[in-house]
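Welcome, and please open the model in your viewer with the sequence panel beside it. We will go from stop to stop, selecting a few residues each time.

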Amino acid sequence: MAAGPVQTLKAYAGLGARILGTRFGSTRPFKVTWMLTDRCDCRCTGCLIWQRDKRKEMSAAEIGAVLAGAPSLRWVNLTGGEPFLRDDMVAIAEAVRAALPNLAVLDFPTTGQRTDVIVRDVEAMTKLGIPKLFVTCSIEGPPDIHDELRGRPGAFDNMIRTYVALRAMKGVDVYLGMTLTERNAGSVDAMFESVRERVPGVDWSDVHFNVYTESGHYYENLDADARAPDDVQAVMERALRSREGSWNPADQIEAAYIRLLPEFLKTGRSPLPCKSLRAVVFIDSAGDVYPCTVWDRKLGNVKEQSLYDILDTAEAEKTREMIAADDCPGCWSPCEAHPTIVASAPESLTKRPKK
């Protein structure tokens, strides 16, 4: 059952209130990024999650119990590895929905390799009454580059089949997500050409761009064969033009991210005061809690303590102080940048990069 207008308005109002709380110093996050699994069906050169030891995954009931104890959460990102390698994705979404009745946003990325499973599960999720459901199908470039960087022959065609099927579905917003590295940043036009051969009409606003990020505890890619590109100015200018002037909140957030990306590439620091551990928190597949997807600073485990108890520790407070002082690894990863942009609005929506 789709969310009704009253339910949707209440959910968005609740999200707005939690965002406002962050601006006034709340340490109760409105977003969680939860890594559901270490398993993946691709062998990417820039993300080495697939190589790591596989840990016991928390059940849907366990995940729901943790979230029920953190009612400030209004935005849940479920990630992996590949989330749809879990056979209980619908049960997880149901547990999230039951635990957080005021949930406004549920989103997740996918490699798009298991088309039938993904389409079946997402269709079931559209009936849970979640106001905004997002799916991002990851893309690396045109077919040859995509398959090479994904380490799987036929990966592009599989992903496109999933993308096409999800685009035809009501109740879900579907995007392509491209992480720019020095190996694919020059293939954006070729990517669009290949996609449009199969999906006419796809334009820049259908693609979420970000740049390669290193993480020891999440991607485990500190020694990976990939690097962030030196210059993405031309690509970003075209992506930005596709979103400026739009009243769609997702477009406004994406435009702010893109607009400030050159500053990050120049300085290596977040262009905005980061709101990790205030607006957003990261939980991995073993239940370990970190400030974000980048900083390898474990704060506790949700199987041993409640999320709020972990966030209330002296170590968590010290970590927040270090983040506020910009004494952290520094990043502009969308997992943290997007909630930071939201929590810093309206200033963040008009901020221009430093020269």
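For the first stop you need one sorting rule: Ala, Val, Leu, Ile, Met, Phe, Trp, Tyr, Cys and Pro count as nonpolar, Asp, Glu, Lys and Arg as charged, and the others, Gly among them, as polar. Keep in mind throughout that this is a predicted model.

**Stop 1: the cavity**

Select Ser270, Cys274, Cys331, Trp332, Ser333, Glu336, Ala337 and Thr340, which line the largest cavity. How do the residues of this lining divide by class? There are 4 nonpolar, 3 polar and 1 charged. The volume enclosed is about 30 Å³, and a search of the whole structure for cavities of 30 Å³ or more finds 1.

**Stop 2: the second largest pocket**

Keep Cys274 selected and add Pro273, Ile323, Asp326 and Cys328; of the 19 residues lining the second largest pocket, these five lie nearest its centre. The pocket holds about 280 Å³ of space. Its lining comprises 11 nonpolar, 3 polar and 5 charged residues. Now colour helix H11, residues 314–324, which gives the most to this lining, with 3 residues.

Zoom in on Ile323, which lies in helix H11. Is Ile323 buried or exposed? Its relative accessible area is 7%, so Ile323 is buried. Show its contacts beyond the neighbours within four places in sequence: Cys274, Ser276, Leu277, Pro291 and Trp295. Try a distance label between the C-alpha atoms of Ile323 and Cys274: they are 6.7 Å apart in space, with their positions 49 residues apart in sequence.

**Stop 3: helix H3**

Next, select residues 89–99, helix H3. Why can this helix be called largely enclosed by the rest of the structure? Because 8 of its 11 residues are buried. To see them, pick Met89, Val90, Ile92, Ala93, Ala95, Val96, Arg97 and Ala99. Then bring up what these buried residues pack against: helix H1 (5–23), helix H2 (60–68), strand S2 (75–79), strand S3 (105–110) and helix H4 (115–125).

**Stop 4: helix H7**

Move on to helix H7, residues 188–198, and show the buried residues Val188, Met191, Phe192, Ser194 and Val195. They cover an arc of only 165° around the axis, which puts them on the same side of H7. Turn to the other side of H7 and you will find Glu193 and Glu197 exposed.

The cover over the buried residues of H7 includes strand S4 (132–139), helix H5 (143–150), helix H6 (155–167), strand S5 (173–180), strand S6 (207–211) and helix H8 (233–241). While here, select Asp157 in helix H6. Asp157 has a relative accessible area of 35%, so it counts as partly exposed. From Asp157 to Val195 the C-alpha distance is 9.8 Å, and the two are 38 residues apart in sequence.

**Stop 5: the cysteines**

Finally, how many disulfides does the structure hold? The count is 0. Select Cys42 and Cys44: the sulfur of Cys42 has its closest cysteine sulfur in Cys44, 5.1 Å away, too far for a bond, given that a disulfide needs sulfur atoms within 2.5 Å. Cys42 is buried, with a relative accessible area of 0%.

Then add Cys137, whose closest cysteine sulfur is in Cys42; at 12 Å, this pair too is too far for a bond. Cys137 counts as buried, at 0% relative accessibility.

Terms used: Residues are numbered from 1 along each chain as its sequence is written. This is a predicted model: local features need pLDDT of at least 70, side-chain atom pairs count only at pLDDT 80 or more; totals for chains, interfaces and linings use all residues. Side-chain values use heavy atoms; hydrogens and water are left out. On a 1 Å grid over the protein atoms alone, a cavity is a set of points where a 1.4 Å probe fits but cannot get out, and a pocket is an open set with protein on both sides within 12 Å along at least five of seven lines; lining residues have an atom within 4 Å of a point. Grid points are joined across faces, edges and corners, and a volume is the space filled by probe spheres set on the points. Helices (H or I, at least four residues) and strands (E, at least two) are DSSP runs, numbered from the N terminus. Buried means under 20% relative accessible area, exposed over 50%, partly exposed in between (1.4 Å probe, protein chains only). Contact means heavy atoms within 4.5 Å. The arc is that of the directions from the helix axis to the C-beta atoms.
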